[in-house]
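This report goes through the strands, the helices and the core of one model. The sequence and structure come first.

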Amino acid sequence: MTEPKVLIDTNVLVYAYSPLSNKHAAATKTLSQAIESDRAMISVQNLVEFSRVMSEKLPEKTPLSKVRMHVMELSEAMSVFSYHAD
């Protein structure tokens, strides 16, 4: 039996990409393990929230070009699901 997929929360993404966060190490480990085990999933909503927080909400704002790069990396590393009527 295969292990179930896990939806990666936006907070985990933000902490993993924010080296100044006191939760950075734990978030990075969690994210890496989920990706390596091919269990990680992410929604378009998570990517939108991640982009907004990283570029506008954190004290150490990330340039949009770097945020775009992170979003592309995340999109390639795990399954992404989007909105639809179903």
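## Sheet

Leu 7 stands opposite Met 41 in strand E2. The model is a predicted one. Another facing pair is Val 6 with Ala 40 of E2. E1 and E2, the latter covering residues 40-43, run parallel and are joined by two bridges.

E2 also pairs with E3 in the parallel sense, here over three bridges. In this pairing Ile 42 stands opposite Val 80 of E3. The result is an open sheet of three strands, in the order E1-E2-E3 and with parallel pairing. Its edges are formed by E1 (6-7) and E3 (79-81), each of which pairs on one side only. Strands of a sheet pair through backbone hydrogen bonds, either parallel or antiparallel.

## A contact before the first strand

Glu 3 lies in the segment before E1. Its relative accessible area is 56%, so Glu 3 counts as exposed. The side chain of Glu 3 makes a polar contact with the side chain of Arg 39, at 3.4 Å. These two residues are 36 residues apart along the chain, while their C-alpha atoms are separated by 7.3 Å.

## Helix H3

With 14 residues, H3 should span 20 Å at 1.5 Å a residue; its end C-alpha atoms are 19 Å apart, which agrees. The buried residues of H3 are Asn 46, Leu 47, Phe 50, Met 54 and Ser 55. Seen down the helix axis, these buried residues fall within an arc of 140 degrees, so they line one face of H3. On the other side of H3, Val 48 and Lys 57 are exposed.

What covers the buried residues of H3? The cover includes the strands E1, E2 and E3 together with the helices H1 and H4. Phe 50 gives a detailed case: leaving aside neighbours within four places in sequence, Phe 50 is in contact with Thr 10, Leu 13, Val 14, Tyr 17, His 70, Val 71 and Leu 74.

## Helix H4

H4 takes in residues 64-77, 14 residues in total, and reaches 20 Å from its first C-alpha to its last, close to the 20 Å expected at 1.5 Å a residue. Val 67, His 70, Val 71 and Leu 74 are buried in H4. They cover an arc of only 100 degrees around the axis, which puts them on the same side of H4. The face turned away from this buried side carries the exposed residues Ser 65, Arg 68 and Glu 76.

The cover over the buried residues of H4 includes three helices: H1 (10-16), H2 (24-36) and H3 (44-57). H3 and H4 thus appear in each other's cover. Among the contacts of Phe 50 are His 70, Val 71 and Leu 74, which are buried residues of H4.

## Nonpolar core

The largest nonpolar core has 17 residues. Those with the most contacts inside this core are Ile 8, Leu 13, Leu 31, Phe 50, Met 54, Leu 74 and Met 78. H1, H2, E2, H3 and H4 each supply at least two residues of the core. In soluble globular proteins, nonpolar side chains tend to be buried together.

Phe 50 and Met 54 belong both to this list and to the buried residues of H3. Leu 74 is likewise on the list and is buried in H4. Phe 50 is in contact with Leu 13 and Leu 74, two other residues among those with the most contacts inside the core.

Technical notes. Residues numbered from 1 in each chain as written. Predicted model: local features only at pLDDT ≥ 70, side-chain atom pairs only at ≥ 80, totals over all residues. Heavy atoms only, no water. Helix = DSSP H or I, 4+ residues; strand = E, 2+ residues; numbered from the N terminus. Expected span 1.5 Å × (residues − 1). Buried < 20%, exposed > 50% of the residue type's maximum accessible area, 1.4 Å probe, protein only. Arc of directions from axis to C-beta. Contact = heavy atoms within 4.5 Å. Pairing = 2+ DSSP bridges. Polar contact = N/O pair within 3.5 Å; in protein donor to acceptor, adjacent residues only side chain to side chain. Core = buried A, V, L, I, M, F, W, Y, C linked by side-chain atoms within 4.5 Å.
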